[in-house]
Amino acid sequence: FFKKREHHFQPIRADGKIDTMPFLLAAEDNILPFFDVMGSTAFYPVKSDIAGNITKLTKKYELDPEKYSTLQDMVDCEIEAKTITDKGSATDALIWLKRALQFIHGFVQNLLDGVNDGESLRPCAMKSYDANLKPYHGWMVQNIFSLITRAVPNRKDFIEGLAQGEKEEAVLDDLREFLVLFGKNIDVIVEMYKSKDLDMQFKV
Ligand code: EIS
């Protein structure tokens with residue numbers, strides 16, 4: 001599945017930064033189709049939330065590709081302009097994209113670690129949800145999530161959806177390999193938000 005994508009998450013640059021456009025293209029090309037494999041329209045709202053983050057960040061980038069060539073530059077410009085807390089800031093869009101990516105990384109990691117309950121992948125989703133999204137959700141969104149996770153496919157269907165003819169072991173290898181660079185990109189963004197103290201705690 002991931003090998004067939006046109007865009008891939010890139011190694012972190014030597015200066016520790018992430019090039020904006022390759023990152024956004026990789027997110028669009030790897031993460032959005034992932035929801036189609038989940039096989040339910042229940043995921044449509046979360047998929048479109050993530051697509052919205054990517055679109056917002058892409059539009060911002062296009063305003064000045066040179067100035068916003070890395071994610072760090074984009075956020076730094078907003079810190080300087082004191083616009084990080086503005087509605088519609090790139091910093092805000094990237095916070096939510098980061099959390100969604102953390103959720104997906106955790107979900108896949110949990111699957112590989114065997115957190116599933118037999119065929120049910122729901123525990124993999126719930127565990128990652130608790131760690132990565134729940135702290136930022138009020139009770140209403142938490143309840144919606146709990147409902148959405150009931151639509152998580154079972155393990156066999158999920159693996160088959162990713163397999164496109166390959167054997168399970170090959171799919172698991174593909175997932176494992178995908179998590180490496182995906183995880184490195186997430187780590188750098190998480191670290192950036194921590195070090196700049198940008199990880200706003202408000203709930204939606
Ligand atoms: C952010 O969303 C936006 O992403 C961001 C900006 O607008 C910001 C402003 O505060 O909000 O609220 C979103 C949050 N995103 C915050 C939650 C979305 C979850 C979907 C909620 C579904 C609503 C359905 C409504 C139904 C109502 C029915 C009523 C009936 C009467 C098990 C698999 C699950 C997959 C999960 C994958 C990760 C999910 C990521 C969620 C991210 C999130 O929590 S901006 O947008 O700046 O780009 O414009």
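**View 1. Residues around the ligand in a predicted model.** The ligand has 22 residues around it, each with a heavy atom within 4 Å. Asp-49, Asn-53, Lys-56, Trp-96 and His-137 come nearest. By class, this shell holds 15 nonpolar, four polar and three charged residues. Here Ala, Val, Leu, Ile, Met, Phe, Trp, Tyr, Cys and Pro count as nonpolar, Asp, Glu, Lys and Arg as charged, and the others, Gly among them, as polar. Residues are numbered from 1 along each chain as its sequence is written, and side-chain values use heavy atoms, without hydrogens and water. Local features need pLDDT of at least 70 and side-chain atom pairs pLDDT 80 or more, whereas totals for chains, interfaces and linings use all residues.

**View 2. Polar contacts to ligand oxygen atoms (pairs of N or O atoms within 3.5 Å).** A polar side-chain atom of His-137 lies 2.6 Å from an oxygen atom of the ligand. For Asp-49, a polar side-chain atom is 2.8 Å from a ligand oxygen. Asn-53 places a side-chain N or O atom 2.8 Å from an oxygen atom of the ligand. On its own, the ligand has 1,100 Å² of accessible area (Shrake-Rupley method, 1.4 Å probe), and the protein covers 68% of that.

**View 3. The ligand in the largest pocket.** The ligand sits there, with more than half of its atoms within 2 Å of the pocket's grid points. Elements giving two or more residues to the shell around the ligand are α2 (44-63), α4 (90-112) and α6 (139-148). Helices are DSSP runs of H or I, at least four residues, numbered from the N terminus. With six residues, α2 gives the most to this shell.

**View 4. Lining of the largest pocket.** A pocket is an open set of points on a 1 Å grid over the protein atoms alone, where a 1.4 Å probe fits, with protein on both sides within 12 Å along at least five of seven lines. Its volume, the space filled by probe spheres set on the points, is about 520 Å³. Of 24 lining residues (an atom within 4 Å of a point), Val-46, Asp-49, Leu-133, His-137 and Phe-145 are the closest to the centre. Two or more residues come from each of α1 (20-37), α2, α4 and α6. The lining divides into 20 nonpolar, three polar and one charged.

**View 5. The second largest pocket.** About 300 Å³ of space lies here. Of its 15 lining residues, Lys-56, Gly-88, Asp-92, Ala-93 and Trp-96 lie nearest the centre. Both α2 and α4 supply at least two lining residues; α2 gives the most, with four. By class, the lining has five nonpolar, five polar and five charged residues.

Key. Polar contact = N/O pair within 3.5 Å; in protein donor to acceptor, adjacent residues only side chain to side chain.
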